[in-house]
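Let's take a walk through this protein together, moving from one contact to the next. Keep the sequence and the 3D view side by side as you read.

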Amino acid sequence: MPKKPRVFVSRTIPEKPLAMLQAECDVYVWDEDMPPSRPKLLDELAMSDGVISMLTEKIDEEALIAAPNLKVISNYAVGYDNID
């Protein structure tokens with residue numbers, strides 16, 4: 001059986017879409033009160049195939065270089081100026 005893709009979710013999201021994602025992927029949700037620190041975000045991205053980020057996470061060139069396996073970036077926010 002093929003390995004499920006790993007998806008990092010940088011904040012809690014509604015239960016129904018999370019359950020749909022968990023059915024297909026290995027999901028790690030950052031459930032702390034504060035957003036992940038920059039080093040923690042880069043560590044998580046380095047291990048992930050996909051990310052659901054919020055406006056608080058800057059997915060810039062440095063983050064993309066740190067995430068060689070990243071295939072999908074989804075932004076759970078209005079706007080997209082936090083993503084290069």
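Glu44 and Arg6 meet in a salt bridge, with their closest N and O atoms 2.7 Å apart. The pair links distant parts of the chain, since Glu44 sits in helix H2 and Arg6 in strand S1, 38 residues apart. Keep in mind as you look that this is a predicted model. Are the two partners buried or exposed? Glu44 counts as buried because its relative accessibility is 2%, and Arg6 counts as buried too, at 16% relative accessibility. The cut-off that matters here is 20%, as buried means a relative accessible area under that value.

Glu44 has a second partner. Its side chain also forms a salt bridge with that of Lys40, at 3.0 Å from N to O. Here both residues belong to helix H2, four residues apart, which is about one turn of the helix. An α-helix has 3.6 residues a turn, so residues three or four places apart point the same way. Lys40 is partly exposed, with a relative accessible area of 28%. Put the two bridges together and you have a network of salt bridges that links Arg6, Lys40 and Glu44.

How many salt bridges does the whole structure hold? A search finds five. One of them joins the side chains of Arg38 and Glu62, at 2.8 Å from N to O. Arg38 lies in helix H2 and Glu62 in helix H3, so this pair ties together parts that are 24 residues apart in sequence. Arg38 is partly exposed, with a relative accessible area of 26%, and Glu62 counts as partly exposed at 45%.

Now turn helix H2 in your viewer and look for its buried face. H2 spans residues 38-46, and its buried residues are Leu41, Leu42, Glu44 and Leu45. These residues cover an arc of only 165° around the axis, which puts them on the same side of H2. What do they pack against? The buried residues of H2 pack against S1, S2, S3 and H3.

Strand S1 brings us to an aromatic pair, and the count for such pairs comes to one. The rings of Phe8 and Tyr28 have their centres 5.9 Å apart and their planes at 15°, so the pair is stacked; the cut-off for stacking is planes under 30 degrees apart. Phe8 lies in strand S1 (residues 6-9) and Tyr28 in strand S2 (residues 26-29), so the pair ties together parts that are 20 residues apart in sequence. Phe8 counts as buried, at 0% relative accessibility, whereas Tyr28 is partly exposed, with a relative accessible area of 33%.

Follow the chain on from S1 and you come to Ser10, in the loop between S1 and helix H1 (15-24). Ser10 is buried, with a relative accessible area of 0%. Not counting residues up to four places away in sequence, Ser10 touches Trp30, Pro36, Ile52, Ser53, Met54 and Glu57. With Glu57 there is also a polar contact, side chain to side chain, at 2.6 Å.

Glu57 deserves a look of its own. This residue lies in the loop between strand S3 (50-53) and helix H3 (61-66). Which side chain of opposite charge is nearest to Glu57? It is Arg11, 5.7 Å away, and Glu57 is buried yet has no salt bridge. The cut-off for a salt bridge is within 4 Å, which means that 5.7 Å does not qualify. What Glu57 does have is the polar contact with the side chain of Ser10. Leaving aside neighbours within four places in sequence, Glu57 is in contact with Ser10, Pro35, Pro36, Leu41 and Asn82. Leu41 should look familiar, as one of the buried residues of H2.

Let's finish in helix H3, where Leu64 is found. Leu64 is partly exposed, with a relative accessible area of 35%. Its contacts, leaving aside neighbours within four places in sequence, are Ile59, Leu70 and Ile73. As a last stop, pick out the C-alpha atoms of Leu64 and Ile13: they are separated by 23 Å, and the two residues are 51 residues apart along the chain.

Conventions. Residues numbered from 1 in each chain as written. Predicted model: local features only at pLDDT ≥ 70, side-chain atom pairs only at ≥ 80, totals over all residues. Heavy atoms only, no water. Helix = DSSP H or I, 4+ residues; strand = E, 2+ residues; numbered from the N terminus. Buried < 20%, exposed > 50% of the residue type's maximum accessible area, 1.4 Å probe, protein only. Lys, Arg positive; Asp, Glu negative; His and termini not counted. Polar contact = N/O pair within 3.5 Å; in protein donor to acceptor, adjacent residues only side chain to side chain. Contact = heavy atoms within 4.5 Å. Phe/Tyr/Trp six-rings, centres within 6.5 Å; stacked < 30°, edge-to-face > 60°. Arc of directions from axis to C-beta.
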